[in-house]
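User: I am new to this structure. Can you teach me how to read its features, one at a time?

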Amino acid sequence: MDRFEIVQRIINCGVVAVVRAETPEQAMKIAEAVKAGGIDAIEITMTVPGAIDVIKELSKAYPGGEIVIGAGTVLDAETARAAMLAGAEFFVSPGFDPDMVRLCNRYRKVTMPGAMSVTEIIKVMESGADFVKLFPGSSFGPSLVKAVKAPLPQAMLVPTGGVSLDNAAEWIKAGCPAVGVGGELTKGAKTGDYALVEETARKFVETVKRARNKE
């Protein structure tokens, strides 16, 4: 997929599913459940055992671009390249590694490095990254987005960490193009309740849609 198409699909959905799991099999089931719930931007974190293989399997399972597969917790360019060759289309990190972003720019891939301060946000933007992962979101709250976007209206801030069904709408209304959701979205997987994962995914998508419609 084209880089701009991937960016637009992430924005259109408004939710990035952050998949952390104890096994590759659990990660695959979570990915399938969130897709069924309407989230097509799925981030497989490198903390998942066999994460690269999970990305490969998802690429094989959905060869027509039915989902946009991302790699998360990417700390360096070497990991990004391995995930890229496995089929990942966007790359997320809790921090900012210039070499990782440079590599992804070279291959026209989407990046979402992490930042905590205005200075870090500006550095990420100057690197050519598509989004800025505001992490951990629980340390800031939606009010920070409004404050940052006053001098930096062009900042594409995507909060991750602490995003819930209770506050997702506030993040969107504050000006975020999307939110990253992990624990609350995938908690059903801990007990094997993937129907709950699907249901929660659907609720997040609906919440974002309502927030955009100012409901």
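**Salt bridges, sheets and cores**

Analyst: Lys 60 and Glu 57 lie 3 residues apart in helix α3, so about one helical turn separates them. Their side chains meet in a salt bridge, 4.0 Å from N to O. Keep in mind that this model is predicted.

User: How exposed are Lys 60 and Glu 57?

Analyst: Lys 60 is exposed, with a relative accessible area of 61%. Glu 57 is partly exposed, at 39%.

User: How many salt bridges does the structure hold?

Analyst: There are 7 salt bridges. One of them joins the side chains of Lys 203 and Glu 199, at 3.3 Å from N to O. Those two residues are 4 apart in helix α10 (residues 194–212), so again the separation is about one helical turn. Lys 203 is partly exposed, with a relative accessible area of 38%. Glu 199 is also partly exposed, at 37%.

User: Which residue forms a salt bridge with Lys 109?

Analyst: Glu 89 does, and the closest N and O atoms are 3.1 Å apart. This pair links distant parts of the chain, 20 residues apart. Lys 109 sits in the loop between α5 (98–106) and β5 (110–112), while Glu 89 sits in the loop between α4 and β4.

User: Are Lys 109 and Glu 89 buried or exposed?

Analyst: Both Lys 109 and Glu 89 are buried.

User: Now the sheets. In what order do the 6 strands of the open sheet stand?

Analyst: Read a sheet by strand order first, then by direction. The order here is β5-β4-β3-β2-β1-β9, and the pairing is parallel. The edges are β5 and β9 (179–181); each has a single partner strand, so one side of each has no neighbour in the sheet. From one strand to the next, the twist averages 25°.

User: How do I follow the pairing around β3?

Analyst: Take the neighbours in turn. Strand β2 (residues 41–45) runs parallel to β3, joined by 5 bridges. Within that pairing, Ile 42 has Ile 69 as its bridge partner in β3. On the β4 side, β3 pairs with strand β4 (residues 90–92) in the parallel sense over 2 bridges. There, Ala 71 is partnered by Phe 91, and Gly 70 by Phe 90.

User: What connects these parallel strands?

Analyst: Look for a helix between two strands along the chain. β2, helix α3 (residues 51–61) and β3 make a right-handed β-α-β unit. β3, helix α4 (residues 77–86) and β4 make a right-handed β-α-β unit too. Note that helix α3 also carries the pair Lys 60 and Glu 57.

User: Which way do the side chains of a strand point?

Analyst: In a regular strand, side chains alternate between the two faces of the sheet. Now apply that to β3. Val 68, Gly 70 and Gly 72 point one way, and Ile 69 and Ala 71 point the other way.

User: How many residues of strand β3 (residues 68–72) are buried?

Analyst: The count is 5 of 5, and the strand is mostly covered. That includes the residues pointing either way.

User: Where does the other open sheet, the one of 3 strands, have its edges?

Analyst: Start with its order, β6-β7-β8, with parallel pairing. The edge strands are β6 (114–115) and β8 (157–159); each has a single partner, so one side of each lacks a neighbour in the sheet. β6 runs parallel to strand β7 (residues 132–134), and 2 bridges join them. Ala 115 stands opposite Leu 134 in β7.

User: Last topic, the nonpolar core. Which residues have the most contacts inside the largest one?

Analyst: A core is read as a network of buried nonpolar side chains. The largest here has 63 residues. Those with the most contacts inside it are Val 34, Ile 39, Ile 44, Leu 58, Phe 91 and Ile 121. Phe 91 has already appeared, as the bridge partner of Ala 71.

User: What is Ile 39 in contact with, leaving aside its neighbours within four places in sequence?

Analyst: Its contacts are Cys 13, Val 15, Ala 17, Val 34, Leu 185, Ala 201 and Val 205. There is also a second, separate core of 14 residues. Val 7, Ile 11, Val 16 and Val 92 are among them.

Note on methods. Residues are numbered from 1 along each chain as its sequence is written. This is a predicted model: local features need pLDDT of at least 70, side-chain atom pairs count only at pLDDT 80 or more; totals for chains, interfaces and linings use all residues. Side-chain values use heavy atoms; hydrogens and water are left out. A nonpolar core is a set of buried Ala, Val, Leu, Ile, Met, Phe, Trp, Tyr and Cys residues joined through side-chain atoms within 4.5 Å. Buried means under 20% relative accessible area, exposed over 50%, partly exposed in between (1.4 Å probe, protein chains only). Contact means heavy atoms within 4.5 Å. Two strands pair if DSSP finds at least two bridges between them. A crossover is right-handed if, with the strands pointing away from the viewer, the path from the first strand over the helix to the second runs clockwise. Axes are lines fitted to C-alpha atoms, for helices over the stretch in contact, and angles run from 0 to 180 degrees between N-to-C directions.
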